Amino acid sequence: MNELGDLVDVTTLAVALISVGGTLGGTLGGAVLSQRASRAEAAEQNQRADRERKQERDEQAMQAMRDLYAHLNTAARAYRIAAQDSVRAAERGEAVDPAHLDAAKEAWADQYSQAQMALAKDVLQVASALNRSLQIGYSVVKQLPSSPDLDEAYERAKTWFSGPLSDGVYLLRVMLRHDLGVEVDPHFEQTRMQMLTALDSARRNLERLLAADRPQATGSR
């Protein structure tokens, strides 16, 4: 009878131990799974935060580029218009305030110097060509009073500002919009090179004409 009782006690103890072990195992297993889930959730949150920060940086960079392009375009237009207005005023015999043109020149120079640090190679090529063309336009205005043939000089100046230089400013605007993805033309590269070639050719021709005028202007004084 005692042996039977002992057997029952041992069996009861074994069942109890198994039950406790199962409970502990389940508890420990649940804790491990919970920790893994927490780590996975934390990792996902970190990745989401990284993606959001990257998206924010990309958006800020894009906005900064839009602002730079807008200011560059505005400065180019203002410079051309100021020079063109100076020519028209001089032709009408009105007093010309050089400070207006010089301020536009400085504003463009400031924006262009900033853009040189940020522009892609093809965009910089257009901006550089326009910069050279704006500079020769400035020389056109400054050389007007000493030109040997004022009628010819005025006509040449008006043609430059309303023709090749106007096209150059337009090319810059389209180039900037194209680079931002606002205006996409599959044939734009061909158009860009054609317009650049035409602008550079017209600028070099104008430089030759101005250079030819200078000795005459010097000798006539």
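What follows is a quick walk through the fold, one helix contact and the aromatic side chains of this predicted model.

Starting with the overall layout, the chain has six helices and zero strands, so in sequence order the pattern simply reads α-α-α-α-α-α. Of its 221 residues, 29% are buried. Looking at contacts between residues at least 6 apart in sequence, 78% turn out to link residues at least 24 apart.

On to the helix contact. Helix α4 (residues 150-162) packs with helix α5 (residues 164-180), the axes lying 3 Å apart at an angle of about 15 degrees. Since roughly parallel covers angles under 35 degrees, that angle makes α4 roughly parallel to α5. On the α4 side, the contact comes from Thr159, Trp160, Phe161 and Ser162, while α5 brings in Pro164, Leu165 and Ser166. By character, the residues of this contact split into four nonpolar and three polar, with no charged ones.

As for aromatic rings, searching the whole structure turns up one aromatic pair. Its members are tryptophan 108 and tyrosine 112, whose rings are stacked, with 5.6 Å from centre to centre and 15 degrees between the planes. Both residues belong to helix α2 (residues 98-116) and sit four residues apart, which means about one helical turn separates them. Tryptophan 108 and tyrosine 112 are both buried, too.

Another ring has a charge for company: lysine 105 lies over the face of tyrosine 138, 5.1 Å from the ring centre.

Notes. Residues numbered from 1 in each chain as written. Predicted model: local features only at pLDDT ≥ 70, side-chain atom pairs only at ≥ 80, totals over all residues. Heavy atoms only, no water. Phe/Tyr/Trp six-rings, centres within 6.5 Å; stacked < 30°, edge-to-face > 60°. Helix = DSSP H or I, 4+ residues; strand = E, 2+ residues; numbered from the N terminus. Buried < 20%, exposed > 50% of the residue type's maximum accessible area, 1.4 Å probe, protein only. Lys NZ or Arg CZ within 6 Å of the ring centre and 35° of its normal. Axes fitted to C-alpha atoms, helices over the stretch in contact; angles between N-to-C directions. Parallel < 35°, antiparallel > 145°, perpendicular 65-115°, else oblique. Contact = heavy atoms within 4.5 Å. Nonpolar A, V, L, I, M, F, W, Y, C, P; charged D, E, K, R; others polar.
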